[in-house]
Amino acid sequence: MSDLSRREGVSPAHERYRVSLRQDLRPAPLAGRRLKAYARAALALLSSNGADVRVRVVGDAAMARWNREFLCRDRPTNVLSFPETDGVPARGAMVTGDIVVSAPTCLSETGGWKETPEARVFFFVLHGILHLAGYDHEKGGAPARRMRRKELALFRRVLDGEGRVRIR
């Protein structure tokens, strides 16, 4: 741990698994510290060699623009991920890239869930993290099932361990 980290009370996990969060909606709809803590916990469970993930929370209109520009789909979606490197990362490689989530779409799609809004949006952030880590479901079959199993297992583990996650 660096001297700066010790002085500022930043844990080694905060240094190794960097997650930044920007909420474009006002007032900000989510507790940012909690959402970042969930993301860091998931990254630690992935056993990656560190991470630098940037999460941006937007509304449906902004998400529709992102979806149109990058995927030629003229509608909002729940999450888009933009890996920092081309190709499939090596197993255990550093997870890097950007994730854009539409809070209204995520919350609408999970309306019947008992979890907090932060946990419900985290489910989609986790989906984006898995894409950044090289998981893919687009072609279906075994890779899609593998990603879904990983997604559900990590989601449960992070929420079950919430009492142990230090939220800063």
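Is His 131 buried or exposed in this predicted model? At a relative accessibility of 18%, His 131 counts as buried (under 20% relative accessible area; exposed is over 50% and partly exposed lies in between, with a 1.4 Å probe and protein chains only). Residues are numbered from 1 along each chain as its sequence is written. Because the model is predicted, local features need pLDDT of at least 70 and side-chain atom pairs count only at pLDDT 80 or more, whereas totals for chains, interfaces and linings use all residues; side-chain values use heavy atoms, without hydrogens and water.

The two residues below both lie in helices (DSSP runs of H or I, at least four residues, numbered from the N terminus).

| Residue | Helix | Relative accessible area |
|---|---|---|
| Phe 70 | H4 (residues 60-71) | 41%, partly exposed |
| His 131 | H6 (residues 117-132) | 18%, buried |

The side chain of His 131 forms a polar contact of 3.1 Å with that of His 137 (a pair of N or O atoms within 3.5 Å; within protein, one must be able to donate a hydrogen and the other to accept it, and residues adjacent in sequence count only if both atoms are side-chain atoms). Not counting residues up to four places away in sequence, His 131 also touches Ser 81, Asp 136 and Met 147 (heavy atoms within 4.5 Å).

Met 147 is one of the buried residues of H7, among them Ala 144, Glu 151 and Phe 155. They cover an arc of only 120° around the axis, which puts them on the same side of H7 (the arc is that of the directions from the helix axis to the C-beta atoms). The face turned away from that side carries the exposed Arg 145, Arg 149, Arg 156 and Asp 160. Helix H3 (32-45) and H6 are included in what covers the buried residues of H7.
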